[in-house]
Amino acid sequence: MTSHLDRLAKEHGISLTRPSPDNTEVPIANGVKRKVLAAFGVAADGGIRTLAGQDKRKSQSTTIIPQSFVPGFLQSDRVWGISLQLYELRSERNWGIGDFEDLIVMVRIAGSLGADFVGLNPLHAPFLADPDRCSPYEPSNRQMLNPLYIAVDKIANFESNPDVERQLKELRSTDLVDYSGVAEAKIKALRDLWRTWTTSTDRHSKDQQEFDAFVHMGGDILRRHALFEALSAFMGEQGIGTGWRSWPAAYQLPECAEVVTFANEHSDAIDFHMWVQWLCHQQLTRAAEAAHEAGLRIGLYLDLAVGEAVDGSASWSERGAYVFKATVGSPPDPFAPQGQDWHLAAFHPEAIASGDDAPYRRLVAAAMRYAGAIRIDHAAALRRLFLVPLGSAPDEGAYVDYPQNELLQILAEASAKFKCLVIGEDLGILPDGLREDLAESRILSYRILSYERGEDGFKTAGAYPRLSLACVSTHDHQTLAGWWRGADIKARSEHGIVPPDLTRSHVEERQHEREDLKAALEQENTDPPKRLPSPTAGDETLKDLIVSAHRFIARTASVLAAVRLADMTGEKRPTNIPGTSDSYPNWKPKLSVPVEQLAVLPLLLQIAEALREERPN
């Protein structure tokens, strides 16, 4: 007999089971149900809602699935592009971090190689007052942009000096992005330029009018973000903390009298942060224009993170839109046996798609305004999220339903408005039927070569769905050379992510995977090396294999193929090792090759030639 607690949990979209690493369903404990209900503000002894008041999430299966925009040329053409992490770019002129001017250089290189898009990491606003919180997937606000990507030297009236040049030379020379050093240099220069701008700009000038229009369009969301940035810097200087959860209670709500007083006393700082967002908008807009000028038919391909930091600008600015007593994570799986807590704030299921000004609508519009394609990180969130109650271990969480059809409707409407292709990262543990629903809504599936393998080996190139993006590796993976050498297995073992017995199993399985990959490449006649390279093979030995694998990806039925820049430059260090935090410098490694040398890099040219031959522009 179903208990009252189970009925209440189901009524609020809480699943009564979760998957385990051995692919069985584990019942959710009653204590977890009560905690997740409490995170929604629901008492465990509360009443069940009547049918008339039940959540619209329950009716989505009987509704026609809306369809997103797909460019007409993809009806006949299959295209390719280059994916990269913007911060990883080295150049002779940047300030120790890749920036929007480097992005313009990259789109021109991509255009010259015959590519049709450049894919990027999330460009969301971080904690500017705490730059070492640098994960692009744990931003402060997804509706705002990252000021560290501003090309300061391209702003009118900027003048360098020997002291600045010495500092920049040091920042450029590091192999890891020095986020604190970069932020210090850029914020100081931007504040100097702001003072010049405020004293010299005519109130009726074109720049002033464009800035005023930007502020007007940004409305309360922009102003509250700027207010948060000013408060975050102030609180950080006082040693209180840059995230709002550490602030005194009187400052934890933007409507509090103390916050209003602070805003009145720090209006210049607030205006400065809005101006900085305007500079981001201008430079990213210019990069998008440069992409189309370079002949990229899709242009920029932007990434939309699944959530925001629990103590950042977004959750502070819109308290009613978020769940506050649980965070986003994932249940235990073979690569994370204890589960994961990503420490991200989740939209409240009943607020995310509510009204004409729904948070999700604003979120996707903020990305699509610059993009020809966006990638929805963790696309399973369109139907459900795994929420971990605060203070609980990751395996003490539960899945919660989200209004899938309403979210797909928002994506369809926004993609039509902005003529923007939508890609869903449909990896990991997926609910039954989600991939089919996404395909029906014309959201492209995300297919990684190493994952496309079954009991009989790797899937054939023709087996990839047409409406998909195919790639060899991503920011969460080693390069193909690293994968071949088992560097990912070694890293998970060294960082204590998986136990020794599982590591031994993965090492044994990898040898079978190598053999299967070579067989798949031979079957597709993509010119793989005649002999199976050793697991310790050097770069030159693996070159033919790498080019062959990319030719295979180009041969797939997928309308998009993405080539990771790190594969083209042969990087040894991974961008990110999932499951680590302090033990590895995630999101900091720079490329080993500066952008000025990319256009003559032999491996890059060979991979690009293979893509052009298979997918002529």
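This report looks at a surface charge patch, the cysteines and one proline in a predicted model.

## A negative patch on the surface

Let's start on the outside. Four acidic residues, Asp 132, Glu 170, Asp 178 and Glu 184, come together as a patch of negative charge on the surface.

Take Glu 184 as one member of that group. You'll find Glu 184 in helix H5, which covers residues 179-200. Its relative accessibility is 57%, so Glu 184 counts as exposed, the cut-off for that label being over 50%.

## Cysteines without disulfides

If you're wondering about disulfides, the count here is zero. As a reminder, a disulfide is a covalent bond that links the sulfur atoms of two cysteines. To be counted, the two sulfur atoms have to lie within 2.5 Å.

Why does Cys 420 have no bond to its closest cysteine sulfur? That sulfur belongs to Cys 471 and sits 18 Å from the sulfur of Cys 420, which is too far for a bond.

Cys 420 is also buried, because its relative accessible area is 0%. Cys 256 has 18% relative accessibility, so this residue counts as buried too; the label applies under 20%.

## A proline in a loop

Now for Pro 331, which sits in the loop that runs between strand S9 (322-330) and strand S10 (340-347). Is this loop residue buried or exposed? Pro 331 comes out as buried, because its relative accessibility is 1%.

How far is Pro 331 from Val 164 in space? Going from C-alpha to C-alpha, the two are 48 Å apart, and in sequence they are separated by 167 residues.

Conventions
Residues numbered from 1 in each chain as written. Predicted model: local features only at pLDDT ≥ 70, side-chain atom pairs only at ≥ 80, totals over all residues. Heavy atoms only, no water. Patch = residues over 30% accessible without salt bridge, like charges linked within 9 Å, V, L, I, M, F, W, Y side chains within 5 Å. Areas by Shrake-Rupley, 256 points an atom, 1.4 Å probe, with all protein chains shown as cover. Salt bridge = Lys/Arg side-chain N within 4 Å of Asp/Glu carboxyl O. Lys, Arg positive; Asp, Glu negative; His and termini not counted. Charge placed at Lys NZ, Arg CZ, Asp CG, Glu CD. Helix = DSSP H or I, 4+ residues; strand = E, 2+ residues; numbered from the N terminus. Buried < 20%, exposed > 50% of the residue type's maximum accessible area, 1.4 Å probe, protein only.
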